[in-house]
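User: Hi! I'm new to reading protein models, and I'd like to learn how terms get applied. Could you take me through this one?

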Amino acid sequence: MKTALVLGAGGFIGSHLVRRLKSEGFWVRGVDRKYPEFSRSAADEFVLADLKNPALVQKIWIPGADEVYQLAAEMGGAGFLFTGEHDAEVMHDSALINLNVLDQCTRQPVKKIFYASSACIYPKYNQDNPETPDCSEDSAYPADPDSEYGWEKLFSERLYQAYSRNFGLHVRIARFHNVYGPEGAWIGGREKAPAAICRKVAQAESGEFVEIWGDGKQTRSFLYIDDCLDGIRAVMDSASGTPLNIGSEEMISIGDFTRMIIEISGKNLLIRHTNGPQGVRGRNSDNRLVTRQTGWTPRFSLKNGITQTYNWVAAQVSALQPAP
Ligand code: NAD
């Protein structure tokens, strides 16, 4: 039986990934500082540990593991990452986790390791126009990410590649673009745009306003969790050691995205624009390289994925409301 170690297994993507690996027949150890919030972990073993502590990283390690997935990071949506308030924590803690993990790879070697990077590494100057953002893998340099979160991801990509060159470590790196779906953070400050908008729509009564940050003309693409899992597995199984995008190419403005969610809700709602952290003006995945190298391409339309996500968030919102 193949063994997998999933770091960040209590998080959104990590908890789904554990389920996927179990369904594929892996023996899985999940590690996180917290348990998954919305369902019981499917891992054979789940260990609570702070990966900033090198002694704990050594303890939870599986020497000779077939596959390690490193997803643990200080993570959140624009309200967490782009205000500047958490910059030191994001850079320090996530870098420390990656330094500890790679150090352990040299002490107790494993067969292969996957690192979750982000579209936030791409330079701001290629994402100023909402109609024509460039996020091809080779556009990453000269580097100019618009957040410290992006700079840490870029540093860590380079760190994994350096360990690959100097220690012969088999490394796979993916740059995720806005992953969403059921069981993602939807309240509390770390939620990302899709879940946040679903929540605002689910909480509003017909005739009320839904607030969105900015003028709504900023563009993004959003990747459904099941597509992300397929992408992770395809990148892990591929021979590619260089970073690859895992994202959707279905770009949409935040205004149109909000209107799509309002339509799914069946409510009659209005949109009000407010000031708030927004990130770059435009972003879209460029999947040419990843499809060529791995054959992976997303299967879910935004409409399909966000309908499932809206229904899940709406159920969470109803569960929070006191019974009449
Ligand atoms: P998430 O916040 O749900 O999961 C990250 C997990 O890491 C959390 O459960 C958290 O508790 C854990 N963690 C953080 N610090 C830790 C520590 N010191 N010790 C142990 N565990 C710790 O985020 P996610 O959306 O599941 O993202 C997974 C990975 O993918 C992250 O590295 C993130 O940066 C990356 N990523 C995600 C997206 C996205 O759209 N969700 C986009 C780009 C990149």
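Analyst: Happy to! Let's start with a word we'll need: a cavity is a set of grid points where a 1.4 Å probe fits but cannot get out. This is a predicted model, and the structure holds one cavity of 30 Å³ or more.

User: What volume does the largest cavity have?

Analyst: Its volume is about 40 Å³.

User: What makes a residue part of the lining, and which residues line the largest cavity?

Analyst: A lining residue has an atom within 4 Å of a cavity point. For the largest cavity, the residues lining it include Y180, F222, Y224, D227, E250 and F300. By type, the lining divides into seven nonpolar, two polar and two charged residues.

User: Why is the largest cavity said to lie between domain 1 and domain 2?

Analyst: Domain 1 (3-179 + 223-246) and domain 2 (180-221 + 250-281 + 300-319) both give residues to the lining, so the cavity lies between them.

User: Now the ligand. How many residues surround the ligand, and which are the closest?

Analyst: The ligand has 26 residues around it, and the closest are F12, I13, D32, Y149 and V179. The cut-off for being near is a heavy atom within 4 Å. Sorted by type, this shell has 13 nonpolar, six polar and seven charged residues.

User: What makes the pair between F12 and the ligand a polar contact?

Analyst: A polar contact is a pair of N or O atoms within 3.5 Å. A backbone N or O atom of F12 lies 2.8 Å from an oxygen atom of the ligand, so the pair meets that definition.

User: How do you know that K192 makes a polar contact with the ligand?

Analyst: Use the 3.5 Å cut-off again. An N or O atom in the side chain of K192 is 3.4 Å from a ligand oxygen atom, so this pair counts as well. For L71, a polar backbone atom is 2.9 Å from an oxygen atom of the ligand. Around these contacts, the protein covers 95% of the 820 Å² of accessible area that the ligand has on its own.

User: Which element gives the most to the shell around the ligand?

Analyst: That is β5, with three residues.

User: Last one: why is the peptide bond from Y141 to P142 called cis, and where does P142 lie?

Analyst: The bond from Y141 to P142 is cis, with omega near 0 degrees. P142 lies in the loop between β5 and α5.

Methods: Residues numbered from 1 in each chain as written. Predicted model: local features only at pLDDT ≥ 70, side-chain atom pairs only at ≥ 80, totals over all residues. Heavy atoms only, no water. Polar contact = N/O pair within 3.5 Å; in protein donor to acceptor, adjacent residues only side chain to side chain. Areas by Shrake-Rupley, 256 points an atom, 1.4 Å probe, with all protein chains shown as cover. Helix = DSSP H or I, 4+ residues; strand = E, 2+ residues; numbered from the N terminus. Nonpolar A, V, L, I, M, F, W, Y, C, P; charged D, E, K, R; others polar. 1 Å grid on protein atoms, 1.4 Å probe; cavity = no way out; pocket = protein on both sides within 12 Å on 5 of 7 lines; lining within 4 Å. Points joined across faces, edges and corners; volume = space filled by probe spheres on them. Domains from an automatic or database assignment.
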